[in-house]
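Biologist: Could you pick one helix in this model and take a close look at how it sits against its surroundings? I'd like one connected story, and feel free to follow the contacts wherever they lead.

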Amino acid sequence: MMHGYIPPHRFFPYLTWTDIDTMPNRANVVIVQPIGAIEQHGPHLPLIVDAAIATAVVGKALSQLDPNIPAYSLPPLYYGKSNEHWHFPGTITLSAQTLIQMLMEVGESLYRAGFRKFALINGHGGQPQIMEIVARDLHQKYDDFLVFPLFVWRVPNLPFQDLPPKELEYGIHAGEIETSVLLSLLPEQVRMDQAVAEYPPELPEESVLSMEGALPFAWTTRDLSRSGVLGDPLPATVEKGDRILNAAVESWVCVLKDLHRFRQPQV
Ligand SMILES: [Zn+2]
């Protein structure tokens, strides 16, 4: 039972080399790499949050995908670039250079095997930039290699309209959203009795700079939070988690279909 959330017939490591050697139309098979992080998520959530969410969303979407669409998931990459959480013990971080190098080499291995569609599906807010660099560099190096730097939380139709505006803006880590989803996925690993709300200190009203906006400043979590939480996990519930997860999976099924249909624009 090594496949976890990924349906076994979609789990790339269960294939043999001869399966791959004889696979028809490999150039149009979608290969997905779930990417997470092992990093602190406050006193109430386990380190695995981002890896669990990326893998569960990919796995559930692959389960619902039309069986005629060829798509496989690589084994999830648990580690990511988490140096913003560096001061909190338990956080494991790869450097940007290591993560870039590793994803480049995974991509090159797929290319060598004849695959031409590679989707990076990342669940950690601290590393979309890495995915973008890798995707661009792989495509520049191999111009028929179509690479997609994707972030789990950027799909449309996520049911966040009821979140308070403050949570929507500042609840970026271990807040209501992630806690609800973890209550849905791994309820035994959530310690609601330890949950605390903490928002970052506010900047002066006249400042055009912000934490994650168009004109951001660099920060580590310790600058902004004592508990490691950025947001309010207390209103989290299993029902909210189920709703968020179902909506995300539904949107990801559409994205996977689109990846299969996609042709690189050409002038
Ligand atoms: Zn997270």
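**A helix and its neighbours**

Modeller: Let's start with a crossing: H2 and H8 pass each other in a right-handed sense. Keep in mind throughout that this is a predicted model. H2 covers residues 49-64 and H8 covers residues 238-261; their axes come within 8 Å and cross at roughly 65 degrees. On the H2 side, the residues in the contact are Val 57, Lys 60, Ala 61 and Gln 64, and they meet Ala 248, Val 249, Trp 252, Val 253 and Leu 256 of H8. Sorted by class, the residues of this contact come out as 7 nonpolar, 1 polar and 1 charged.

H8 is the part I'd zoom in on. What length should its 24 residues span, at 1.5 Å a residue? The expected figure is 34 Å, and the end C-alpha atoms of H8 are 35 Å apart, which agrees.

Next, which residues of H8 are buried? They are Lys 240, Gly 241, Ile 244, Ala 248, Trp 252, Leu 256 and Leu 259. A bit of helix geometry helps when reading that list: an α-helix has 3.6 residues a turn, so residues three or four places apart point the same way. Three names turn up again from the crossing: Ala 248, Trp 252 and Leu 256 are among the H8 residues that meet H2, and they are on the buried list too.

H2 isn't on its own in covering those buried residues. The cover includes strand E1 (30-35), strand E2 (71-73), strand E3 (117-122) and strand E4 (146-151), along with H2 and helix H6 (176-185).

Now for two H8 residues that aren't on the buried list. Ser 251 lies in H8 and counts as partly exposed, because 18 other C-beta atoms sit within 10 Å of its own and the buried class begins at 20. Leaving aside residues up to four places away in sequence, Ser 251 touches Val 155, Pro 156 and Asn 157. Its C-alpha atom is also 9.9 Å from that of Val 57, although the two residues are 194 apart along the chain. Val 57 is one of the H2 residues in the crossing with H8.

Asp 258 is also in H8. Is Asp 258 buried or exposed? It counts as exposed, because it has 11 C-beta neighbours inside 10 Å. Asp 258 and Leu 209 make a handy contrast with the Ser 251 pair: they are 49 residues apart along the chain, and their C-alpha atoms are separated by 36 Å.

H6, which helps to cover H8, also packs on H2. The axes of H2 and H6 are 11 Å apart, at an angle of about 65 degrees, and the two helices are therefore roughly perpendicular to each other. Unlike the right-handed crossing of H2 and H8, the crossing of H2 and H6 is left-handed. In this contact Val 49, Ala 52, Ile 53 and Ala 56 of H2 meet Glu 178, Val 181, Leu 182 and Leu 185 of H6. The class tally here is 7 nonpolar, no polar and 1 charged.

Val 181 is a good place to see H2, H6 and H8 together. Val 181 sits in H6 and counts as buried, because it has 27 C-beta neighbours inside 10 Å. Beyond residues up to four places away in sequence, Val 181 touches Ile 53, Gly 241, Ile 244 and Leu 245. Two of these, Gly 241 and Ile 244, are on the buried list for H8, while Ile 53 is one of the H2 residues that meet H6. Val 181 and Val 49 are 132 residues apart in sequence, but 9.0 Å apart in space, C-alpha to C-alpha.

One last stop is the loop between helix H5 (165-170) and H6, where you'll find Ala 174. Its phi is near 65 degrees, a positive value in a residue other than glycine. Ala 174 is buried, because 30 other C-beta atoms lie within 10 Å. Asn 25, in the loop between helix H1 (17-21) and E1, has a positive phi as well, near 50 degrees, but with 9 C-beta neighbours inside 10 Å Asn 25 counts as exposed.

Technical notes:
Residues numbered from 1 in each chain as written. Predicted model: local features only at pLDDT ≥ 70, side-chain atom pairs only at ≥ 80, totals over all residues. Axes fitted to C-alpha atoms, helices over the stretch in contact; angles between N-to-C directions. Helix = DSSP H or I, 4+ residues; strand = E, 2+ residues; numbered from the N terminus. Left-handed = near helix turned anticlockwise from the far one by under 90°. Contact = placed C-beta atoms within 7 Å. Nonpolar A, V, L, I, M, F, W, Y, C, P; charged D, E, K, R; others polar. Buried ≥ 20, exposed ≤ 12 C-beta atoms within 10 Å, placed from the backbone. Expected span 1.5 Å × (residues − 1). Parallel < 35°, antiparallel > 145°, perpendicular 65-115°, else oblique.
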